[in-house]
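Ready for a bit of practice with strands and sheets? Have a look at the model below, then try the exercises.

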Amino acid sequence: MDFLRKHFAASVAALAACVCCGIAMRAAQARAGAPAGSSFASSVARDADGDGIDDADEQALAEAFAPVVLHAADEPNLPTNVDAFLRHTRMEFFDAGCSPESFEIDPVPRSESLGAHRFTSKCLPGMEFRSDGTRAEFKQHSFFLTDVDGPHRAGSEDTREWTTYFHAYPNDIGGITVQYWLFYPYNTGRSFSALGRSLELGSHGGDWEGVHVVLDAMRRPVWLRLLGHRDITEVAWERARREGSHPIVSSGWGSHASEIAVDDGVSRLRHETWSSGRVAWPDRRNTASGALVNLGEKTRPLAPFLTYSGLWGSVGFNFRRALPGLGVPNVDSGYWGPAYNETGMRADGFVTAWCAGIADETKTVGAVRECFPDARTD
Ligand SMILES: [Ca+2]
Ligand SMILES: [Ca+2]
């Protein structure tokens, strides 16, 4: 109830607040062949991801509301894309407590094959793990992609490889939600000094981070959702810092957690995530940004890697086993991709980061559920 009231109030407020977005929305609607104010279901010319939204319309809306991301001037792990990352990693399976614990699965993983693997554990006889559906909540029995080495952790040198991925879907206020996902090859955690030793906590391979722009039935932006360390923060659109129809978001140093950007005068690296976007560097270089690519739906993916349910980095220090009973997550291990992301995940397995506010939480195509892993293990 509160959810509905909150969205209704925001929609009314947005009527007055989003005039600045009108041009971009009209452009999106013109490209999609839809009259201003029409609902998304009215014209579907090509719908390869089967969500009822014309794919050209998804692209046009994504372009119109794509964020400006501000990275720290000394950010250690800048963006890359999946294909560039896969050139420097291998796929293995981690089987906690078995000997050996790690098995090689694929020395040359490709986007198309990430979801094609099966593994039967020697320690858990009869258990078959799938790389396109089994999600290991505590990272004890999981497919994973090995951490890339030092030079490749910095992100792609060529900013044309800084791909931004998006997911657009019908939402529960009769509109469309557009999620933007950036992929970083590594996440640098915090360093501590203790007992004369330097310790690092929270570093891991493969980091997916993002923001959601929630559009109402008239395709006006009403909410901005930001993926943080553990939770998703929702901000009314009119409270977000913006540049035309583009929200301005800052990415946390090393961890890439998304926050509303503040205008504090600090020099940052400015990254426009739309297709013809630019990257402006603190040293005044100005380079081309990467593509804006539709992921499709998990049930009908347009990017094949979307179905991969394993980890995007190595399994590091096993807090789960070293400190049993304390519930400490394996924060030094790789994290999941967009459709299996951990941020704000519900106890029943609903992947909030992928499906927040989706019109149909139970959407299922064949045997695939859009918003839930097929199987959950430890
Ligand atoms: Ca579609
Ligand atoms: Ca879609």
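Here come two exercises, each with a worked solution.

This is a predicted model, where local features need pLDDT of at least 70, side-chain atom pairs count only at pLDDT 80 or more, and totals for chains, interfaces and linings use all residues. Residues are numbered from 1 along each chain as its sequence is written, while chains are lettered from A and ligands numbered from 1 in the order in which they are written.

**Exercise 1.** Find the order of the 6 strands in the open sheet, and say which strands stand at the edges.

*Solution.* Strands here are DSSP runs (E, at least two residues), and helices are too (H or I, at least four), numbered from the N terminus. Two strands pair if DSSP finds at least two bridges between them.

- Step 1: the order reads 14-13-12-9-8-21, with mixed pairing.
- Step 2: strand 14 (232-236) and strand 21 (292-294) are the edges; each has a single partner strand, so one side of each lacks a neighbour in the sheet.
- Step 3: zoom in on strand 12 (residues 204-215) and strand 13 (residues 221-227), which run antiparallel and are joined by 5 bridges. Val211 has Leu226 in strand 13 as its bridge partner.

**Exercise 2.** Work out how strand 16 pairs with strand 1, and then with strand 15 and strand 17.

*Solution.*

- Step 1: strand 1 (residues 68-72) pairs with strand 16 in the parallel sense, over 3 bridges. Leu70 sits opposite Ser250 of strand 16.
- Step 2: strand 15 (residues 242-243) runs antiparallel to strand 16, with 2 bridges.
- Step 3: strand 17 (residues 258-260) is also antiparallel to strand 16, joined by 3 bridges. Ser251 has Ser258 in strand 17 as its bridge partner.
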